[in-house]
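The following exercises concern a protein structure shown with its sequence. Each task is followed by a worked solution that proceeds step by step.

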Amino acid sequence: MRDTVRFTLNGMAVEVVRPDPQLTVLDWLRDHRRLTGTKEGCAEGDCGACTIAIRDPGGGVRAINSCIQFLPMVDGCALVTVEGLGGADPVQTAMVAEHGSQCGFCTPGIVMALHAHHARGGSTDATGISDALAGNLCRCTGYGPIIRAGQKACATPVPKIAAAGVDADPLGYDYTPADGRAARFFAPVTLDELARLCAKYPDAVILAGATDVGLWVTKQGRRIETFISVMRVAELQWISATGTGLELGAAVRYADAHEALARLHPSFNGYIRRLGAVQVRDGGTVVGNIANGSPIGDMPPALIALGATIRLRKGKAERTLPLEKFFIDYGKQDRAADEIITHVSIPAPPRGALFAAEKISKRFEQDISAVSAGFLVRAERGIVVEARVAYGGMAGVPKRTAAAEAALTGKPWTEASVRGAMIALASDFKPLSDWRASGAYRLESAQNLLLRFFLENSGGAFATRVLDLASVAHG
Amino acid sequence: MADANSANENVTGAGIAHDSAEKHVSGRALYIDDMPEPKGLLHLAIGMSTKAHARISKLDLDAVRSAPGVVTVLTAADIPGKNDVSPIAGDDPLFADGLVQYHGQSIFAVAAETRDAARRAARLAKVDYQDLPANLTIADARKAETVIEKARAFRMGDAAAELTKAPRRIKGTLEIGGQDHFYLEGHVAMAVPGEDGDITVYSSTQNPTEMQVVIGHVLHRPSHSVICEVRRMGGGFGGKETQSALIAAAAALVAAKTGRPAKLRLDRDDDMVMTGKRHDFEVSYDIGFDDDGRIRAADIDLASRCGYSADLSMAINDRAMFHSDNAYFLNSARIVSHRFRTHTVSNTAFRGFGGPQGMMVIERAMDEIAIALGKDPLDVRVANLYGEGRDETPYGQRVEERIIGPMIEALEKSSKYRARREAIRKWNAGNRYIKRGLSLTPVKFGISFTATHLNQAGALVHVYADGSVQLNHGGTEMGQGLMVKVAQVVAAEFAIPLSAIRIMATSTAKVPNTSATAASAGTDLNGMAAREAAKTIKDRLIAFAAQKFSVDEAEVSFAAGRVLAGPHSIAFADLTQAAYFARVGLSATGYYKTPKIAWDREAGRGRPFFYYAWGAAVSEAAIDTLTGENRILRVDILHDCGRSLNPAIDLGQIEGGFIQGMGWLTTEELWFDDKGRLRTHAPSTYKIPVAGDRPEMHIALWDGENPEDAIYRSKAVGEPPLMLAISAFSAISDAIAAVGEYKIAPRLDAPATPERVLAAVNRVRKVAP
């Protein structure tokens, strides 16, 4: 295995021998290279001030939050920071011309998010630009000038980010810091090797996009001894779409799965747009969201409603598990320490079935849900023959509501039946109150989301979503 | 004499880019954490209280001291001077000494070789606490009768008598949440020791002089030994007016104790837990009015959560009182303000400084009067505006400017308010689950510090022999464009290009005894001071040119980089070179104090404000009555900047202020648990607006000029636009009112999170017949 992390920084080849595996890209840039254009706003991947552009070994351009990426994760990547743009990039000149900066602190991150959007040929309409900026907070401008600058810049010829040379051999090394603490990082390239390493280091942290693990280090101050990254394993990078469903490997990022999920069902299109923001979707993986085991992960309720299964591997042994069985209790999943989730299989909704993925949060974009939901209902001749109703944020685990499903099944698909199910589901959940919402609100909105799901599939000529109204007010 | 106004045309009034714009976009603008680090730099971390109110029975810092990389650990016992970083009251210890009064309070500082080592070491402290009863909420403090200072009141006429006589009356309560500043650059300071005990502190602060004074007190050194410098902040919004003191003083103390440079940069979560925010309020109101909706009497009771110490809460709550009338004549009024002391972080200045909370009350009343009378809320608002014979505020200042009526009229027209109102009512009738709402609200905001002595400023201008100019003044740059505006003034005075002027970092060594850059008054004060300095030099150059070319001084003028002296013309740089050889002093200070203002705080009467800035906004909102989700769809704004010095900068302030206000009133929620711990202490849980939240916006500047002699007849713009966002809140309320056919007042509290909106919808449904 190779002990040197290799990548390019603003076009120059860089080699770092055995870096501290939990050194963030941001700290490396600022403290080791004195490249201070990239800023720290929150150190948790929620403000975008540290955004840099990356061309990954797979060739795609990504925007990442450098504050929660560990340096060995960018092995084989081409990194572009604000310093690398020179000053005359179309995004930079447009930002000056449109008065897109005030205090200027968020600006480098915004410039890089727009640059990444531009470099992947992103859309120039205001909504497309807003989407590209959903992970970047600006407290001064109100965003209008920045959106205009983005539109202007992205209308110019698409820039190229030259790829870095990728080493075929896997990265893996021991790090021995002055204080004697042991640490190691592995990025195997085959599934067998990954399984072997997981068996050898059962306490290892399995790393995908680090959009959560990054915070264990930056916010909780945890020391992690062993990282094993799944991202370079070829078998785990596959997206296989068939007529009956979709299979995603553990290394598939949201950004890469977005289109395939939207084809599986259009409801995923808007849903994934609201899942984190570009920087989260460009880093995080669908399987990581599952493996993490959070009761408020955005993906599980929708996937459970669709009857998704996961494949796990331990050593050479493989098994398949319905996703809903994976979540045992708060903080407890059906996974052995040395076992990894390799794939998730998501069946397409059965022909004629109704499906929706839903989410309630204080802010529409880049917010953790108070309640999320997945609904799947299939009716034959007006009678419900199958109902799968799953929620996140309502219990210690993402969970189906047997009571509501029973209340619907065998009943006519009518508002009266749905209202019955809304009452029934209250017996399945005692949601807690916290800063995202009170238990009472969680329950009421969970019930009403089911009603909205019915209303939207009942052919009524009335509005059901405030997000759809952007054009109404133009009058 | 040269005609200053003709010179203005070239430079002031133009939409010139922020002076640092090119540096911002290229990452070359240096913030304090970006400065090259001096050799031997120590990094600090603060040990924070984990209790809201407790005695420290044992503070064991051995593990902190022996942690790898640690150089020193400092507590209250190590402070040579006063253990206080407060602006006024002497009640903000740098390090809690035996008693902690809020969760997150600073107890000690650890200095280590790296930031990581310092932060890890700070976690190792063993603190034993003896819990004391904690008053966390306004209700707790009300019950325990703990206050920052006595309640204050404005009285105009006999409100009690007028209330009983009024044909109609509404009563209600309103809760208004606080707000975190969420400047993108968190608090940071770096202190560098010099000789003879001198110290230079680079601080992200709106208030360099106060940092200098506080550090002097902590170190027991006179002000002349401390220099505080700031080139720019990554946002301030009031959050760095006093709150920067703890950070700057801790860094200075470590530097003084160790002789090594020291830096403290707070982690975002620690910043949000440790430093003060906008005050949350609980308000009750009792309003009497006639059948036309005109207010006869207003009895308003304001209560705010000040936190554990006074900070600026006196003046902030005063300003809530000053703006409880907003743009409306109240006829008779009793405005009472309670300033409650709680065991939570000490709340502080935030853009609007209490004014926004005050305005919320009367705007709520306008909406409720409209519902009571079945009128359009806009008609009620217009009927209540200040005007001829109805121009006295509850504190005795007369409202002389009469532009808000015409502004509202113009906005009503440009926004198509009436047609949209009708369309929305029709649309709502056909939509059971989604409702839309519309609201136009005005803003009248008083400009001046209400502590009269703060309304002064100084500047120092150097003209070098080669004609280049250095500009120093006491104002600080936090993104608001102060520096470019003041540079425009100096460029206009000398009739030279902006590029000839070098904007210098703000330093207490250049301009002493400055006020915080606050109260929207940065340009008014520092622009005038810089203009005075420039004029002094200019007068010397005029005298010199008149002598050199043997013309009358009246024949000397400055235009387009040249100086004209009768028939002669000379480049500005050639004249300054000649002036140097002729031994003409080319450096001068300038000083300004705001005229006309006088305020008797005890009597609650006077003229606290030099003038008022005005604005009005129309917002349209949509709500989901099933989930409470809501969205602001469109906003039209007409705002008064007098004769704008820089329309591009001013428009940026207006749009940015609106969106910041919209965040305060919609998605931004400070959530404290029953132990007094702030649980929304990071952007993952505390949600400020993102690009997608921005509604369609139409913003225009009112074409007018300041009737008072402010700098080139412009008006202050920093704070007023934030309060335009009350229209967004009111529009959400209007959409909720639609659920009850506009017959039931929704009584929506702020912020209008989905949960609060749904609660208000449910309330209307329940009350509706």
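## Exercise 1. A residue in a strand

A:L207 lies in strand β8 (residues 205-207) of chain A. The model is a predicted one.

**Task.** Determine whether A:L207 is buried or exposed, and state which residues A:L207 touches.

**Solution.**
1. The criterion for burial is 20 or more other C-beta atoms within 10 Å.
2. A:L207 has 23 C-beta neighbours inside 10 Å and therefore counts as buried.
3. Leaving aside residues up to four places away in sequence, A:L207 touches A:V213, A:F227, A:I228 and A:S229.
4. For a position farther along the chain, consider A:P398, which is 191 residues from A:L207; the two C-alpha atoms are separated by 22 Å.

## Exercise 2. The overall form of chain A

**Task.** Establish how the radius of gyration of chain A relates to that of a compact globule with 475 residues.

**Solution.**
1. Chain A contains 16 helices and 20 strands.
2. Along the principal axes, its C-alpha atoms fill a box of roughly 65 × 60 × 40 Å.
3. A compact globule of 475 residues would have a radius of gyration near 23 Å, and chain A agrees because its own value is 23 Å.
4. Of the 475 residues in chain A, 57% count as buried.
5. Where contacts in chain A link residues at least 6 apart in sequence, 65% of them join residues at least 24 apart.

## Exercise 3. The two domains of chain A

**Task.** Identify which element gives the most to the side of domain 1 of chain A that touches domain 2 of chain A.

**Solution.**
1. The domain assignment places residues 1-165 of chain A in domain 1 and residues 236-456 in domain 2.
2. Taken over C-alpha atoms, the centres of these domains of chain A are separated by 32 Å.
3. The contact joins 13 residues of domain 1 of chain A to nine residues of domain 2 of chain A.
4. On the domain 1 side, β4 (61-65) and α4 of chain A are the elements that give two or more residues.
5. β4(A) gives the most, with four residues.
6. By class, this side of domain 1 of chain A has five nonpolar, five polar and three charged residues.

## Exercise 4. The two domains of chain B

**Task.** State how many residues each domain of chain B brings to the contact between them, and which helix gives the most on the domain 1 side.

**Solution.**
1. In chain B, domain 1 comprises 4-29 + 456-593, and domain 2 comprises 400-447 + 610-769.
2. The centres of the two domains of chain B lie 39 Å apart, taken over C-alpha atoms.
3. Domain 1 of chain B brings 22 residues to the contact and domain 2 of chain B brings 17.
4. On the domain 1 side, α15 (482-494) and α16 (522-548) of chain B each supply at least two residues.
5. α16(B) gives the most, with six residues.
6. The residues on this side of domain 1 of chain B comprise seven nonpolar, 12 polar and three charged.

## Exercise 5. The contact between the chains

**Task.** Describe the side of chain B that touches chain A, and find where the buried residues of α5(A) pack.

**Solution.**
1. Chain B provides 77 residues to the contact and chain A provides 73.
2. Helix α18 (residues 647-665) of chain B gives the most to the chain B side, with seven residues.
3. That side has 30 nonpolar, 22 polar and 25 charged residues.
4. Helix α5 (residues 144-154) of chain A is mostly covered, with eight of its 11 residues buried.
5. Among the buried residues of α5(A) are A:P145, A:I146, A:I147 and A:C154.
6. The buried residues of α5(A) pack against α2 (90-97), α3 (107-119) and α4 (126-132) of chain A, and also against α18 and β29 (696-701) of chain B.

## Exercise 6. A helix and the nonpolar core

**Task.** Compare the reach of helix α20 of chain B with the expected value, and state which helix gives the largest share of the largest nonpolar core.

**Solution.**
1. Helix α20 (residues 754-767) of chain B has 14 residues; from first C-alpha to last it reaches 20 Å, close to the 20 Å expected at 1.5 Å a residue.
2. Its buried residues include B:P754, B:L758 and B:V764.
3. The buried residues of α20(B) pack against β17 (354-360) and α16 (439-456) of chain A, together with β27 (611-624), β28 (630-639) and α19 (726-739) of chain B.
4. The largest nonpolar core has 415 residues, and those with the most contacts inside it are B:L44, B:V110, B:A251 and B:A252.
5. Helix α8 (residues 244-258) of chain B supplies the largest share of this core, 12 residues.
6. The residues that B:L44 touches include B:V110, B:A251 and B:V254, not counting residues up to four places away in sequence.

Terms used. Residues numbered from 1 in each chain as written. Chains lettered and ligands numbered in written order. Predicted model: local features only at pLDDT ≥ 70, side-chain atom pairs only at ≥ 80, totals over all residues. Domains from an automatic or database assignment. Contact = placed C-beta atoms within 7 Å. Nonpolar A, V, L, I, M, F, W, Y, C, P; charged D, E, K, R; others polar. Buried ≥ 20, exposed ≤ 12 C-beta atoms within 10 Å, placed from the backbone. Rg over C-alpha atoms; globule rule 2.2 N^0.38 Å. Core = buried A, V, L, I, M, F, W, Y, C linked by C-beta atoms within 7 Å. Expected span 1.5 Å × (residues − 1).
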